[in-house]
Amino acid sequence: MDDPPPTDAVHSRLTKRLRLEPVGPANARDLRLVQDDDEVWPWYGGKQPSIEQAGQQARLMGEAWRSHGVHKWMAYDRVSGEVVGRGGLSRTPVDDDWGQIYEFLPAEPWVRVAHGAGRPFVAHANWLEIGWALRREFWGRGYASEIGRAGLAFAFDALGVHAVASCTVRHNVRSRAVMERIGLRYAGEIRSRGIVEGVEGERDDAPFTVCVLLRSDWDRQRGTASMKTLPSA
Ligand SMILES: CC(C)(COP(=O)(O)OP(=O)(O)OC[C@H]1O[C@@H](n2cnc3c(N)ncnc32)[C@H](O)[C@@H]1OP(=O)(O)O)[C@@H](O)C(=O)NCCC(=O)NCCS
């Protein structure tokens with residue numbers, strides 16, 4: 001079966017097994033299908049999202065794609081068309097807890113430069129956060145890593161950012177494993193609102209693991225990969 005035409009020729013992507021479409025209002029139901037999954041929503045604050053919240057998030061993601069030029073994709077199976085998950089990149093706000101990530105980025109001016117668009121919020125211009133969530137039935141097959149690798153290529157090759165960071169609560173070992181599998185490296189921990197292992201509800205000071213990939217390391221990894229494909233002399 002041929003892939004349907006992309007909904008957004010500039011921002012849509014095809015990977016080996018997935019069709020990645022920028023999330024917008026039209027994807028609200030599909031987004032809910034992922035975020036409402038019993039093995040997904042507990043990781044995001046311990047409350048099951050309503051259809052209205054999913055609609056609001058899909059609208060905001062669509063707005064971020066327009067003004068920030070990047071946000072999350074919905075991931076569809078290229079053969080069956082099934083909703084597999086969602087994931088990708090987002091610009092982090094300049095004035096929230098994610099500013100703690102400065103400590104793990106080079107002490108260079110690009111780290112604090114703000115993106116020109118003020119909507120939907122003022123965000124960093126030169127580094128992005130990456131993340132993923134899959135419906136439970138699609139865990140264990142490498143789909144999150146496939147989304148993650150597409151995200152890194154989009155961030156470094158299409159947008160030309162200097163770094164990609166990823167954060168997850170300390171005990172989310174599966175998300176941490178995806179980070180490391182696609183080449184991000186442990187940088188440290190920050191504290192923010194989230195869930196803590198063995199504690200009910202959210203806490204303001206939940207520990208989050210931060211992993212980072214710098215552009216220089218990405219270029220080096222890619223250089224090494226392309227050298228491996230050269231015929232030996
Ligand atoms: C985090 C999450 C996306 C990780 O999903 P995942 O299935 O573990 O990760 P991947 O899709 O990359 O799959 C990797 C697994 O598939 C296996 N695999 C099978 N085929 C594979 C392939 N073709 N390529 C790569 N890995 C493959 C890997 O060996 C690995 O197995 P393991 O977990 O037994 O080591 C998932 O657990 C999730 O949605 N959790 C809830 C939401 C969440 O926590 N999101 C992150 C918040 S920060």
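**Exercise 1. Determine how strands β3 and β4 pair, and describe the hairpin that they form.**

Solution. Strand β3 (residues 72-77) and β4 are antiparallel partners, joined over 5 bridges. Strands here are DSSP runs of E of at least two residues, helices are runs of H or I of at least four residues, and both are numbered from the N terminus. Two strands count as paired if DSSP finds at least two bridges between them. The model is predicted: local features need pLDDT of at least 70, side-chain atom pairs count only at pLDDT 80 or more, and totals for chains, interfaces and linings use all residues. Residues are numbered from 1 along each chain as its sequence is written.

Step 1. Locate one facing pair: Y76 stands opposite V83 in β4.

Step 2. Examine the connection. The hairpin of β3 and β4 has 5 residues between the strands, and G81 adopts a positive phi near 80°.

**Exercise 2. Follow the pairing outwards from β3 and β4, and establish the order of the sheet.**

Solution. Strands of a sheet pair through backbone hydrogen bonds, either parallel or antiparallel.

Step 1. Strand β2 (residues 18-22) runs antiparallel to β3, with 5 bridges between them. Within β3, W73 is the bridge partner of P22.

Step 2. β4 and β5 also pair in the antiparallel sense, over 6 bridges. Here G88 lies opposite G131 in β5.

Step 3. The complete order is β1-β2-β3-β4-β5-β6-β8-β7, an open sheet of 8 strands with mixed pairing. β1 (13-14) and β7 (185-195) are the edge strands, each pairing on one side only.

**Exercise 3. Is strand β4 largely enclosed or largely open, and how is D77 of β3 classified?**

Solution. A residue is buried if 20 or more other C-beta atoms lie within 10 Å of its own, exposed if 12 or fewer, and partly exposed in between, with C-beta atoms placed from the backbone.

Step 1. In strand β4 (residues 83-90), 7 of the 8 residues are buried, so the strand is largely enclosed by the rest of the structure.

Step 2. D77 is found in strand β3. It has 14 C-beta neighbours inside 10 Å and therefore counts as partly exposed.

Step 3. Beyond four places in sequence, D77 is in contact (C-beta atoms, placed from the backbone, within 7 Å) with R17, L18, E82 and V84.

**Exercise 4. Identify the residues with the most contacts inside the largest nonpolar core.**

Solution. A nonpolar core is a set of buried Ala, Val, Leu, Ile, Met, Phe, Trp, Tyr and Cys residues joined through C-beta atoms within 7 Å.

Step 1. The largest such core has 53 residues, and A75 and V164 have the most contacts inside it. The greatest contribution to this core, 8 residues, comes from α3.

Step 2. Not counting residues up to four places away in sequence, V164 touches W127, L128, I130, L152, A155 and L213.

**Exercise 5. Characterise the shell around the ligand.**

Solution.

Step 1. There are 19 residues around the ligand, with W139, G142, A144, S145 and T168 coming nearest; a residue is near if its C-beta atom, placed from the backbone, lies within 6 Å.

Step 2. β5 (127-134), α3 (143-158) and α4 (173-181) each supply at least two residues of the shell. The largest share, 4 residues, belongs to β5.

Step 3. By class, the shell contains 9 nonpolar, 7 polar and 3 charged residues. Ala, Val, Leu, Ile, Met, Phe, Trp, Tyr, Cys and Pro count as nonpolar, Asp, Glu, Lys and Arg as charged, and the others, Gly among them, as polar.

Notes. Two residues are in contact if their C-beta atoms, placed from the backbone, lie within 7 Å.
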